[in-house]
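Hi everyone, thanks for having me. Today I'd like to walk you through one protein chain, piece by piece. Please have a look at the picture first.

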Amino acid sequence: MPEVAVSAREMISGMTPEAQPETYAFVSTNDASLQALLISKSISIFREKEGTSMIVPIEVAEENDLNVGQPMRCITLTVYSSLEGIGLTAAVSAALADNAIPCNMVAAFHHDHVFVPEALCDQAVQVLIELQDGARGK
């Protein structure tokens, strides 16, 4: 694994946003049989008191008659950021907010992932590239 970025500048300048081709839906259910079916198809799972929240491919949500609500695309920040790093999430969400782009951040072990409305994905990638360029001094 490459060196892990810790400072905000290191994380932002090295983040290289990469849009993933799939479209996803955020769903939640208390139905144990539906949870069992969806968990193996989910890319993220979080148990909340209101239900198990999952991020699933949009086709999976539609096949199971789940409310898609807002189709989302994932932008992976390809930098290896430290779990103790401070500032990446704040900088990314602020840059997107300044451009009226809603986002949901998911931090995983190796990378951070930004979920944005499908229709705004290309614009969001451009905003994040500009943020990265600014941190690099370009």
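Let's begin in the middle. Within the largest nonpolar core, which has 21 residues, the members that touch the most others are Met15, Ile75, Leu88, Val92, Leu96 and Val116. Several elements give two or more residues to this core: helix H1, strand E4, helix H4 (88-98), strand E6 (112-117) and helix H5 (121-136). H5 supplies the largest share, with six residues.

Take Leu96 as an example. What does Leu96 touch, once we set aside residues up to four places away in sequence? The list is Ile101, Cys103, Val114, Val116, Ala124, Val127 and Leu128. Apart from this core there is another one, made of 11 residues, and Val27, Leu38, Ile58 and Val60 are among them.

I should say early on that this is a predicted model. The average pLDDT over the protein chain is 93, and 99% of the residues reach at least 70. Where is the confidence lowest, and where is it highest? The lowest mean, 87, belongs to helix H1 (residues 8-13), while strand E4 (residues 72-77) has the highest, 98. As a general habit, coordinates should not be read in detail where pLDDT is low.

Now for the sheet. Six strands make up an open sheet, and if you read across it the order is E2-E3-E1-E4-E6-E5, with antiparallel pairing. Why do strand E2 (44-48) and strand E5 (104-107) each have one side without a neighbour in the sheet? Both stand at the edges with a single partner strand each, so one side of each is left free of a neighbour there. On average, and ignoring direction, neighbouring strands in this sheet are turned by 30 degrees against each other.

If you are new to sheets, keep in mind that strands pair through backbone hydrogen bonds, in a parallel or an antiparallel way. Let's start at the E5 edge. E5 and E6 are joined by four bridges and pair in the antiparallel sense. One residue pair to look for is Met105 with its bridge partner Val114 in E6. Helix H4 packs on the sheet here, where it touches E4, E5 and E6, and its direction makes about 15 degrees with that of E6.

Let's move to the other edge. E2 and E3 also pair in the antiparallel sense, this time over five bridges. Together E2 and E3 form a hairpin, with two residues between them. In that pairing, Ser44 stands opposite Ile55 in E3. On to the next pair: strand E1 (residues 17-29) and E3 run antiparallel and are joined by six bridges. Here, Ser28 has Ser53 of E3 as its bridge partner. Strand E3 (residues 51-57) is largely enclosed by the rest of the structure, because six of its seven residues are buried.

Next, the cysteines. A disulfide is a covalent bond between the sulfur atoms of two cysteines. How many disulfides does the model have? The count is zero. Cys103 is in no disulfide, and the nearest cysteine sulfur, in Cys74, is 12 Å away. Cys103 counts as partly exposed, at 22% relative accessibility. Now compare Cys121: is it buried or exposed? Its relative accessibility is 1%, so Cys121 counts as buried. The closest cysteine sulfur to that of Cys121 is in Cys74, 8.6 Å away, which is too far for a bond.

Let me finish with two residues at the beginning of the chain. Met11 is part of helix H1, and at 1% relative accessibility Met11 counts as buried. Leaving out residues up to four places away in sequence, Met11 touches a whole list of residues, including Val79, Ser81, Ile86 and Leu88. Met11 and Ile39 are 28 residues apart along the chain, and their C-alpha atoms are separated by 31 Å.

Gly14 sits in the loop between H1 and E1. With a relative accessible area of 26%, Gly14 is partly exposed. Outside its neighbours within four places in sequence, Gly14 is in contact with Thr78, Val79 and Gln132. How far apart in space are Gly14 and Tyr80, given the 66 residues that separate them in sequence? From C-alpha to C-alpha, Gly14 and Tyr80 are 8.4 Å apart.

That's my tour, and I'm happy to take your questions!

Conventions: Residues numbered from 1 in each chain as written. Predicted model: local features only at pLDDT ≥ 70, side-chain atom pairs only at ≥ 80, totals over all residues. Heavy atoms only, no water. pLDDT = per-residue confidence, 0-100. Core = buried A, V, L, I, M, F, W, Y, C linked by side-chain atoms within 4.5 Å. Buried < 20%, exposed > 50% of the residue type's maximum accessible area, 1.4 Å probe, protein only. Contact = heavy atoms within 4.5 Å. Pairing = 2+ DSSP bridges. Axes fitted to C-alpha atoms, helices over the stretch in contact; angles between N-to-C directions. Disulfide = S-S within 2.5 Å.
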